Amino acid sequence: MAAQREHFGSGMAAVMAMAGSAIGLGNIWRFPYVVGQNGGAAFILVYLLCMVFLSLPIFLSEAIIGRSTHSSTFGAFGKLAPGSGWKWIGTLTIITPLIILSYYSVVGGWSIGFLYESVVMGFSGAGADGRFGGFISSVGGPLVCHTLFLALTAAIVLGGVKSGIERFNKMSMPLLFVLIVIIAVYSISLPGASAGVKYLVKPDFSLLTPKSFAYAMGQGFFSLSLGVGTILTYSSYMKKEESILRTGVGTAGFDLLFALIAGFAVMPAVFSAGIEPGAGPGLIFETLPYIFGKMGAAAPAASRAVSILFFLTIVIAALTSSISMFEVGAAYLVEEKGMSRRKAVAVIFTGTWALGVLCSLSFGPLGDFHIAGKTIFNFCDALTSNFLMTFGALLFVLFVGWKMDRETVRSEFTNGGALPLSRLLFKPVMFLIRWVAPVAIVLIFITNLL
Ligand code: TRP
């Protein structure tokens, strides 16, 4: 086991890193659409409730495990429950983030490709739509971009916890907020934008269905990077004097704030162009380039500037998330397998790169190859988002709620009793971890299966 372990320099640095992991593609391409489809402000209310009663308890459970052991996911369960079957959670939580990283890196690559296009030529009105389909189904371009994105991720992780991950997040997070605010202000100022604002804020309780709750929970999981050990790993780099509760609330708060601003950056522009908002990659890679193209006819310089800012935002947001997935595996190989950081990074790069290549090709030449009726990319996404993440989250809360020694949990959560607010909230938080979260997770799981 490594003798010297690195730590984040401060509580703020830890929050920045975790918010960096949390804020990503999920905030930009999923949140605005899900909100609009499920009743606007009414859904945001549900999302908030889910965050407090479900996402936060899972976050806190992961953080308690990580910080109390200062270990990688695998080592953590070995220390807390030696010789028991729980150590297999460790294995699960090393594999899951690496599968997510493989396909996430393909999408990160697309955003590099579109950033490049914005810089060299901007999006011209005619033919801007449809270009996305052409790009992702080709072979060379997406593979070069995927490789570049993963190499950037690897380079940051290679720098280590403090001078790689912490430094990158500390620079990027404030920049991301500035960028997304600029884009939102511009978007809201477009003619006809108010329909988009309405789409997001007008509470329509009639659109809330039981499925909306499942969406809110699923979105909360993905957006806060829960259930796969990224929060556990980052928490293991937190110093003993930082507050776990404050870190959790801070991270969730930033994540929600960013998602809301991203909604105001995307939807008003979509409505201003008179388009029906769609979900997923199509929203940011098809609809928006089309809009930039339309704007470009009237104001080429402004259109190009905004598209550059927009895709730059996406690249940075995706990078701060991808490094958190990469680090889970890197920490494991360094601490449990005694590899040098350099070698660990090389091993993970190679494995995720190869799986990512298959994911990327599944939009083109490998499009007819199906696993369980899905393309490789969609299979990796569904396997992780619907199954492995939910399962991981369930195991985390069960472990902290029912298996881990109660005094260890209390002491970790309250810093040995030194934090009055955490002391006060310990009981209710434990109730959420032991009862509310496991029941809710099982319910989402069943809803997803149906
Ligand atoms: N939360 C990130 C987003 O919103 C993605 C992410 C990072 C993630 N790490 C994760 C998702 C771990 C699931 C699991 O885009």
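Which residues in helix 2 meet which residues in helix 12?

1. In this predicted model, the contact is made from the side of helix 2 by Asn27, Ile28, Phe31, Pro32 and Tyr33, which meet Asp255, Leu256, Phe258, Ala259, Leu260, Ala262, Gly263, Val266 and Met267 in helix 12. Sorted by character, the residues of this contact of helix 2 with helix 12 comprise 11 nonpolar, 2 polar and 1 charged.

2. As for the geometry of the pair, the axes of helix 2, which covers residues 25-37, and helix 12, which covers residues 244-272, come within 8 Å and cross at roughly 75 degrees. Because angles of 65 to 115 degrees count as roughly perpendicular, helix 2 is described as roughly perpendicular to helix 12.

3. A separate point concerns the backbone at Ala372, a residue other than glycine whose phi is nevertheless positive, with a value near 50 degrees. Ala372 belongs to the loop that runs between helix 15 (341-361) and helix 16 (376-403). Is Ala372 buried or exposed? Its relative accessibility is 69%, and since the exposed class begins over 50%, Ala372 counts as exposed.

4. Asn415 also deserves a look, for its phi is near 55 degrees, again a positive value in a residue other than glycine. The loop that holds Asn415 lies between helix 17 (406-414) and helix 18 (420-449). With a relative accessibility of 17%, and with buried meaning under 20%, Asn415 counts as buried, whereas Ala372 counts as exposed.

Note on methods: Residues are numbered from 1 along each chain as its sequence is written. This is a predicted model: local features need pLDDT of at least 70, side-chain atom pairs count only at pLDDT 80 or more; totals for chains, interfaces and linings use all residues. Side-chain values use heavy atoms; hydrogens and water are left out. Axes are lines fitted to C-alpha atoms, for helices over the stretch in contact, and angles run from 0 to 180 degrees between N-to-C directions. Helices (H or I, at least four residues) and strands (E, at least two) are DSSP runs, numbered from the N terminus. Angles under 35 degrees count as roughly parallel, over 145 as roughly antiparallel, 65 to 115 as roughly perpendicular and the rest as oblique. Contact means heavy atoms within 4.5 Å. Ala, Val, Leu, Ile, Met, Phe, Trp, Tyr, Cys and Pro count as nonpolar, Asp, Glu, Lys and Arg as charged, and the others, Gly among them, as polar. Buried means under 20% relative accessible area, exposed over 50%, partly exposed in between (1.4 Å probe, protein chains only).
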